[in-house]
Amino acid sequence: MSRVGGAERAPFPVAAPPDCSGAPPGPRFPRHLLGALWLLFEKQVVERCQKRYGDVFSLRAWPLGLLVVVSDPTEVKRLFTADPNTVTAGGGNAVAMPLAGRNSILLLDGNRHLRQRKLMLPAFHGERLGVYRDRIIGITDEAIDGWPLGSEFPIHPEMQSITLKVILDAIFGVEGEERRARLEQLVPRLANSPALLWPPLQRDFGRWSPWRRFLALREEVDLLLYEEIERKRRDPRLEERHDVLSMLVQARDENGEAMSNEELRDQLMTLLLAGHETSATALAWAVDGLLRNRAVLERLQGELAAEDGGYLDCVIKESLRSRVVFPYAIRQLQAPFEIGGYSVPAGAFVGTSTRLIHSRPDLYPDPDAFRPERFEGWGAETYSWVPFGGGTRRCLGAAFATFEMKTVLRRVVERCDLVAVSPRPERSKQRFVIYVPSRGGRVVLQQRRPAARSTRQASD
């Protein structure tokens, strides 16, 4: 029943354009060596390059060929607002193909992307978010009640469990304990396959090869998802349901056409890829930031007790600024394009570096400090705070992700007295295309308060 066969692999980007003479300066390492260094030590590579070459520089690196890295908000704005037929995103997201599928909104450009975005956008409208509040609270309370008292445990896997349950409930609308439990087992294994990050592993080397195991897992998940899609199509009470899949099944474009089962499957996997690990990791980093800044935590506790959620919003913004989860928004040029005074050739990739933008001292004084108050009375500038990308490719689920983070983090702060196990801040490590706490964010729960309801929750 799955339509993604074993022969399908990501259409990985083309090699460097033949004429790179007009591109910005950058290191002159061999392409494969620089590619390996960039994949393994991305933070160190781009920080050193920025110091040497400035806010626009080139990495001639495998597998992307020519990648121009940008950290100037003015240039970021030009890229995000450029003609979408000239500056496209599908090729830059090709790494997601094996999991998300060829119909994923991440990989589409032009009219096909616009159609899918219009079909999906109403399901994430801000007015709908309140529908999910009670379920997110219930899932979070259930998790907190299972945390051990007085013993250390990693907070990141706990947040992964919470966000996965939220997706299966609010996005997929999965019913039935057996089906839900099976997806909870399979999805983390699928999303964390080493074959997703390393193209050389995306070949069948035999029964125990990473790619063979990935394909088997994907096949099993696909069967469950297609069954869920068919259940929704046959549901006589579909219009009464509030999960995103039910809304997508009912969505129609300007020609009155619905999404096919394959399109629905690919968008579900896209939402899983974009909303499970990223939200869980952002929550783990937010907890880590609070535990290492007691004054911030105490102020947040006081304001939440007074039913004021304004500072919580600042905490979320500062955490997303200071601890980058997803390091780039990558575009591909379909025609020559000027960036920072350089003429970058068609075929090149351009990556707006979230890490470098968020650590600019001219935008964020003392950028290494965790200071939520920097967002008080200011909010966040569109092109200097970019955890969700920007322009017509800005993350569709940004409002949902922010709402989920506020709801979960508020509940954790209200109910738990946590302390970090180590006085040293957690380092980050790369997992697929995101950066997670290297030790899982190890904490100790010293006290757990009863699950009393707050009157405002995350609606602030």
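Among contacts in the protein between residues at least 6 apart in sequence, what share joins residues at least 24 apart? The share is 75%. Keep that figure in mind as we walk through the model, which is a predicted one.

Let's start with the whole chain. The protein holds 16 helices and twelve strands. Its C-alpha atoms fill a box of roughly 65 × 55 × 45 Å along the principal axes. For 460 residues, a compact globule would have a radius of gyration near 23 Å, and the protein agrees with this because its own value is 22 Å. Buried residues account for 55% of the 460.

Now turn to the outside. The accessible surface amounts to about 19600 Å², and carbon and sulfur atoms contribute 51% of that area. As for charge, the protein carries 64 positive and 58 negative charges, and the mean positions of these two sets lie 5 Å apart.

With the overall picture in place, helix 8 makes a good stop for a closer look. This helix runs over residues 177-191, 15 residues in total. From the first C-alpha to the last it reaches 21 Å, close to the 21 Å expected at 1.5 Å a residue.

Which residues of helix 8 are buried? They are Arg 179, Arg 180, Leu 183, Leu 186, Val 187, Leu 190 and Ala 191. In reading such a list, it helps to recall that an α-helix has 3.6 residues a turn, so residues three or four places apart point the same way. The cover over the buried residues of helix 8 includes helix 4 (97-100), helix 7 (155-171), helix 9 (210-234) and helix 11 (261-275).

Terms used: Residues numbered from 1 in each chain as written. Predicted model: local features only at pLDDT ≥ 70, side-chain atom pairs only at ≥ 80, totals over all residues. Heavy atoms only, no water. Helix = DSSP H or I, 4+ residues; strand = E, 2+ residues; numbered from the N terminus. Expected span 1.5 Å × (residues − 1). Buried < 20%, exposed > 50% of the residue type's maximum accessible area, 1.4 Å probe, protein only. Contact = heavy atoms within 4.5 Å. Rg over C-alpha atoms; globule rule 2.2 N^0.38 Å. Areas by Shrake-Rupley, 256 points an atom, 1.4 Å probe, with all protein chains shown as cover. Lys, Arg positive; Asp, Glu negative; His and termini not counted. Charge placed at Lys NZ, Arg CZ, Asp CG, Glu CD.
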